[in-house]
Each structure stands twice: as C-alpha cells, then as structure tokens.
Amino acid sequence: MAEHTRALRRGAGYALLGTALVQLSAAAVLVAVDAVRKRRHPPSGYFPRIAPEVVHAHESALSVYTDGDELYDAMLRDIRGARDSIFFETYIWKGDEVGERFKTELTTAARRGVDVYVIYDTFANLVVPRSFKTFDPALQVLEFGMINGRSPFSPRTYARDHRKLLVVDERIGYVGGYNIGKLYADSWRDTHLRIEGPAAWELTNAFVDFWNYYKHADHPELPDRGARKWDARIRAALNLPNRLLFPVRGLYIEGIERAISRIAITQGYFIPDEEIMASLLRAVKRGVEVRVLIPEISNHVVADWVSRGDYARLLRGGVRIFLFQHAMVHAKTATIDGRWTTIGTTNIDRLSLTGNFEINVEIYDEGFASAMEEVFASDLTNSRELTLEEWAARPWYQRVVERLVHPLAFFL
C-alpha cells in the first residue's frame with residue numbers, strides 16, 4: 001500500500017511538471033510569434049488625443065493628460081518652476097532623449113538649491129545603460145532593489161515599485177500610467193492626472209512614507225507633516241506589500257458594487273480575479289451598463305492570451321468589451337455613474353492588485369467624472385466592440401492556447 005501511494009504521488013508530480021512545461025512552452029511560442037509580428041507590423045501609434053482641461057474640485061485643480069508629449073512638457077515645466085522640493089518616482093525610466101531631458105532638469109533643479117529626491121525600480125530598468133543611472137551628487141537617489149525584504153521565501157521581498165509620481169513643492173502632483181520614455185509619448189495611449197492644490201498632499205504622503213521606509217543610512221529622512229486639509233472626496237489608495245495592505249482592489253470592488261447606471265473601465269492588462277469578475281457580472285444583472293476598454297494587442301502577448309480566457313464569461317454575462325486599435329492603451333482608469341473616478345498605476349491583475357507597490361487616486365466629483373467620460377468616449381472612436389458571436393466563432397486552436405495559458409494568471 002505504501003509503495004502504491006508513493007507511486008501515485010510520483011505520477012501526480014510528473015503530471016504537474018508536464019502540465020507546467022506545456023504551459024511554459026505555449027507561452028514561449030506566443031512570445032516568439034509576437035516578436036516576429038511586431039517587427040513586421042509595428043503599431044502605428046495613431047489614436048485620438050484630448051487636450052487637457054482644468055476641472056476645479058474640492059479646492060484643487062485637476063487636469064487629465066492623454067498625450068505623452070503634452071504631459072512631459074507640463075511635468076518638465078513644473079520641475080523648472082520648483083522652489084523647494086521635488087519628489088520623483090518612476091517604474092521605468094528610459095535612457096533615451098526623453099529620459100535625458102528629465103535627468104537634466106532634475107539635476108539643474110538640484111544644483112540651484114531645490115531638494116530633489118528620486119526613486120526608480122531596479123528590475124524595470126535592467127536594460128537601461130548603467131551610465132544613465134549615474135547621477136549628480138546633488139540629487140538624492142534611491143534605487144529600489146530587486147530584493148527588498150528579510151525573508152527570501154516571501155513574495156513581498158520581490159515586489160516591484162510600479163508607481164509613477166511627481167510632486168513639486170508639495171503643492172503640484174502627478175500620478176498615472178505613464179513611465180518616462182519616448183515610446184510612451186509616441187506610441188502608447190495612457191492617462192495621467194495632475195493635481196494642484198491641497199489634494200497634492202495625497203501624493204506627497206505616498207512618496208514620503210515609501211522613501212522613509214526604504215531609504216539607506218546615508219539618505220536624509222523626509223518630514224511627515226500630515227494633511228493640511230482633509231477632504232475624503234479626493235484621496236489616494238496605496239498598495240503596500242511590505243505591510244500586506246492592498247486597498248486598491250477594495251476600491252474597485254466597492255465602486256462596482258455601488259454602481260446603479262454605468263461603469264467604464266480602461267485597462268492595459270485586464271485579468272480580474274473571481275471577486276471583481278463576480279461584481280461586474282452582478283452589476284450587469286441589476287441593469288448597469290458595463291464597458292471595458294482594453295488593447296486588442298498589448299505589449300505583453302502572454303497577458304493578452306491569459307486575459308482572453310475570461311472573455312466568454314464576461315460576454316455571456318453582458319459585459320461589453322472594446323478593443324483599442326493601432327496602439328497600446330496602458331491607462332488604468334474607471335468612472336462610475338458619472339460621479340466617481342479612479343486614476344492610477346494599478347492594473348486589474350494579480351501582480352498589481354496583490355503584488356506590487358501601486359497608487360490610485362479616487363475622486364468623487366461629477367465635473368471630473370464628466371471629463372473622464374469624454375476621454376472614454378474619445379477612445380471608443382478608436383476601438384471596435386468584440387461581440388459574443390464573434391468570440392464564439394474563433395478557431396479551435398485559439399481555444400486550446402487560451403486554456404493552456406490561463407492558469408498563468410496567478411503569475412501576472
């Protein structure tokens with residue numbers, strides 16, 4: 001009996017190993033095929049853009065940027081106008097002409113006496129030349145390491161800093177999906193928020209807490225001043241793996257559960273967990289129009305195929321799926337009932353919702369929600385709707401690949 005049990009265990013182990021190898025092989029083939037496709041048919045980078053407009057909400061001025069060039073110009077202009085402090089944090093910082101502009105302006109500000117603090121993620125910038133990551137001593141730079149915890153067995157140790165923040169003089173702040181690089185301005189459709197006024201404290205506080213927690217012994221500690229004004233209608237939700245805090249997931253679920261008329265979600269990578277999926281389907285059942293805008297082809301082909309494993313259930317449940325054309329849409333936004341909006345760095349997938357350091361700003365304001373609905377409507381003009389009939393008619397081999405790779409959602 002004992003020998004029979006051991007044999008069964010060995011067989012189960014081999015079966016699991018075989019399944020994993022097949023899944024990884026399928027993922028590798030997808031990546032290889034996608035690399036060839038990108039060389040033959042690079043994205044055009046064409047998509048409609050909306051000029052940023054200022055919406056005044058709760059004593060702060062809010063502006064939404066959907067064009068990378070306009071965003072970078074505004075960020076650099078505010079950096080040049082800094083008098084006291086600059087907090088700059090990014091996931092990816094390319095060493096191209098755009099990256100050099102940011103590096104030059106930050107260095108110039110530090111040399112004229114502004115306190116400049118910089119955080120960037122090590123893993124995300126492995127391909128960036130080491131020479132670019134050599135900084136002037138006038139800047140305080142924290143390179144967020146690949147390993148940042150005490151236990152090598154804890155996934156929290158390997159969490160990435162996926163946030164994108166800029167705070168100038170603690171009164172102007174930026175947050176959203178844009179990394180720093182020419183590609184993101186030329187070819188990607190993303191969304192970033194500029195806040196001027198008391199609500200910029202939300203971003204200041206996020207940076208200060210992160211800096212003080214992970215700073216090295218030779219780094220100065222930043223003062224934690226607390227909020228000068230407190231208005232819960234604009235607030236930041238911070239995913240903090242080091243503290244096992246993941247409020248952005250709850251923010252989405254609560255917003256969806258409250259919806260009574262319409263939900264508009266834009267995501268670069270959309271792999272909802274069971275609770276978010278169920279919340280969306282329940283919303284449709286009670287009469288809410290649920291629209292999800294995602295790229296038809298993203299920059300991560302495996303994520304695309306994993307995501308497709310959920311399309312049938314979403315479409316059968318009445319969720320409308322729109323596929324963005326000609327460019328990578330990388331935005332992480334949602335608007336509900338023309339009242340509530342969130343903009344930030346968090347994808348609706350496991351890595352963002354329960355893995356990485358993330359930040360989303362939650363805004364309860366009808367004027368701002370209206371502006372965001374205009375952005376969504378503009379994006380729909382560059383999208384096509386995926387119907388249940390079209391999806392049901394897809395080839396059999398696509399279904400096989402979807403089933404093979406869908407379990408990889410745990411790692412994405």
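**View 1. Leu166 meets its bridge partner across a hairpin.** In β7, Leu166 has Tyr174 as its bridge partner. This is a predicted model, and the close-up starts at the spot where β6 and β7 run side by side. Those two strands pair in the antiparallel sense, over 4 bridges. The hairpin they make has 3 residues between the strands, and in it Asp169 takes a positive phi near 55 degrees. Such a value catches the eye, because most residues other than glycine have a negative phi.

**View 2. Strand β7 and its other partner, β9.** Turn now to the pairing of β7 (residues 172-176) with β9 (residues 192-196), which is antiparallel and spans 5 bridges. Two facing pairs are easy to pick out here: Tyr174 sits opposite Arg194 in β9, and Gly173 sits opposite Ile195 in β9. How many residues of β7 are buried? The count is 5 of 5, so the strand is mostly covered. Cover comes on both faces, with Ile172, Tyr174 and Gly176 buried on one side and Gly173 and Val175 buried on the other.

**View 3. The open sheet around β7.** Pull back a little and you find 8 strands in an open sheet, in the order β1-β2-β9-β7-β6-β3-β4-β5, with mixed pairing. Its edges are β1 (54-57) and β5 (140-144), each of which pairs on one side only. From one strand to the next, the twist averages 15 degrees.

**View 4. Two helices laid against the sheet.** Helix α2 (residues 68-80) lies across β2, β3 (85-90), β6 (165-168), β7 and β9, and runs at about 150 degrees to β7. Helix α5 (residues 201-214) also packs on the sheet, where it touches β3, β4 (115-121), β5, β6, β7 and β9. The direction of α5 makes about 75 degrees with that of β4.

**View 5. Ser85 and its surroundings.** Look for Ser85 in strand β3. Is Ser85 buried or exposed? With a relative accessible area of 9%, it falls under the 20% cut-off and therefore counts as buried. Setting aside neighbours within four places in sequence, Ser85 is in contact with Val114, Asp115, Val167, Val168, Asp169 and Glu170. One of these contacts, Asp169, is the hairpin residue with the positive phi from the opening view.

**View 6. Two loop residues with positive phi.** His58 belongs to the loop between β1 and β2. Its phi is near 55 degrees, a positive value in a residue other than glycine. A second case is Asp337, in the loop between β15 (332-336) and β16 (340-344), where phi is near 60 degrees. Why does Asp337 count as buried? Its relative accessibility is 11%, and buried means under 20%.

**View 7. The largest cavity.** Rolling a probe the size of a water molecule over the atoms shows where empty space is left. Here the count comes to 6 cavities of 30 Å³ or more, and the largest cavity holds about 100 Å³ of space. Around the largest cavity you will see Ile50, Ala51, Pro52, Glu53, Val55, Leu62, Val64, Thr66, Phe368, Ala371, Glu374 and Val375. The elements giving two or more residues to this lining are β2 (60-65) and α11 (366-380). The most comes from α11, with 4 residues. By class, the lining residues split into 9 nonpolar, 1 polar and 2 charged.

**View 8. The largest pocket.** This one has a volume of about 770 Å³. Which residues lie nearest the centre of the largest pocket? They are Tyr91, His162, Tyr269, His300 and Leu351, out of 28 residues in the lining. Two or more lining residues come from each of α4 (182-186), α8 (301-308) and α10 (350-354). Helix α8 gives the largest share, 3 residues. Sorted by class, the pocket lining has 16 nonpolar, 8 polar and 4 charged residues.

**View 9. Back out to the protein chain.** To place the close-ups, here is the wider setting: the protein chain has 13 helices and 18 strands. Of its 412 residues, 55% are buried. Among contacts between residues at least 6 apart in sequence, 77% join residues at least 24 apart.

Notes: Residues are numbered from 1 along each chain as its sequence is written. This is a predicted model: local features need pLDDT of at least 70, side-chain atom pairs count only at pLDDT 80 or more; totals for chains, interfaces and linings use all residues. Side-chain values use heavy atoms; hydrogens and water are left out. On a 1 Å grid over the protein atoms alone, a cavity is a set of points where a 1.4 Å probe fits but cannot get out, and a pocket is an open set with protein on both sides within 12 Å along at least five of seven lines; lining residues have an atom within 4 Å of a point. Grid points are joined across faces, edges and corners, and a volume is the space filled by probe spheres set on the points. Ala, Val, Leu, Ile, Met, Phe, Trp, Tyr, Cys and Pro count as nonpolar, Asp, Glu, Lys and Arg as charged, and the others, Gly among them, as polar. Two strands pair if DSSP finds at least two bridges between them. Axes are lines fitted to C-alpha atoms, for helices over the stretch in contact, and angles run from 0 to 180 degrees between N-to-C directions. Contact means heavy atoms within 4.5 Å. Buried means under 20% relative accessible area, exposed over 50%, partly exposed in between (1.4 Å probe, protein chains only).
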